[in-house]
Amino acid sequence: MRALMLALLMVGAAQADEVHIDIKGFMFDPQPLEIAIGTTVTWINHDPIPHTVAETSHLFRSAALDTDERFSWTFKDPGTYQYFCTVHPQMVGTIHVVQR
């Protein structure tokens, strides 16, 4: 029993954080965003028209997201990541990934 409890604690500690970025009103919210290494970011489109999420150096790119669709990416390396909507390039965002 003790080994099982220890294993469950280790699994819980290994789970990374998850944060959401809302896409609404032709904006990404919150902006900018600071997260720890290993965090999964999920973008959720709340607008009535499609949007995408594309990192400027081609690290990731979503398909077109219709209303209430989601796209997730886990950030494994520290740094600053710029992204935008390929359909509406004026929509931009920044994520700062830091070691905590």
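Q: In which strand is the place of Asn45?
A: Let's start with one residue of this predicted model. Looking along the chain for the element that holds Asn45, we arrive at strand 4.

Q: Is Asn45 buried or exposed?
A: The relative accessible area of Asn45 is 0%. Buried means under 20%. Asn45 therefore counts as buried.

Q: Which backbone oxygen does the side chain of Asn45 reach at 2.7 Å?
A: The Asn45 side chain has a polar contact with the backbone oxygen of Ile49, at 2.9 Å. Asn45 also touches residues further away in sequence, among them Ile23, Pro50 and Leu65. The backbone oxygen that its side chain reaches at 2.7 Å is that of Leu65.

Q: In what order do the four strands of the open sheet stand?
A: Strand 2 (27-29) and strand 6 (70-74) are the edge strands, each pairing on one side only. The pairing in this sheet is mixed. Neighbouring strands are turned against each other by 20° on average, direction ignored. Read across, the order is 2-1-4-6.

Q: Which residue in strand 2 stands opposite Ile23?
A: Strands of a sheet pair through backbone hydrogen bonds, either parallel or antiparallel. Strand 1 (residues 18-24) pairs with strand 2 in the antiparallel sense, over three bridges. Across from Ile23, in strand 2, stands Phe28.

Q: How many residues are in the largest nonpolar core?
A: Several strands help to build this core: strand 1, strand 3, strand 4 (40-45), strand 7 (79-84) and strand 8 each supply at least two residues. Among the members that touch the most others are Ile21, Phe28, Trp43 and Ile95. Ile95, for example, is in contact with residues including Ile21, Val41, Trp43 and Phe75. The number of residues in the core is 18.

Q: Which residue forms a salt bridge with Arg100?
A: A search of the whole structure finds one salt bridge. Its closest N and O atoms are 3.5 Å apart, and the pair links distant parts of the chain, 66 residues apart. Arg100 lies in the segment after strand 8 (92-98), while its partner is in strand 3 (residues 33-36). That partner is Glu34.

Q: Is Arg100 buried, partly exposed or exposed?
A: Glu34 makes a handy comparison: its relative accessible area is 48%, and it counts as partly exposed. For Arg100 the value is 64%. Exposed means over 50%. Arg100 is therefore exposed.

Note on methods
Residues are numbered from 1 along each chain as its sequence is written. This is a predicted model: local features need pLDDT of at least 70, side-chain atom pairs count only at pLDDT 80 or more; totals for chains, interfaces and linings use all residues. Side-chain values use heavy atoms; hydrogens and water are left out. Two strands pair if DSSP finds at least two bridges between them. Axes are lines fitted to C-alpha atoms, for helices over the stretch in contact, and angles run from 0 to 180 degrees between N-to-C directions. A salt bridge is a side-chain nitrogen of Lys or Arg within 4 Å of a carboxyl oxygen of Asp or Glu. Buried means under 20% relative accessible area, exposed over 50%, partly exposed in between (1.4 Å probe, protein chains only). A nonpolar core is a set of buried Ala, Val, Leu, Ile, Met, Phe, Trp, Tyr and Cys residues joined through side-chain atoms within 4.5 Å. Contact means heavy atoms within 4.5 Å. A polar contact is a pair of N or O atoms within 3.5 Å; within protein, one must be able to donate a hydrogen and the other to accept it, and residues adjacent in sequence count only if both atoms are side-chain atoms. Lists of a residue's contacts leave out its neighbours within four places in sequence.
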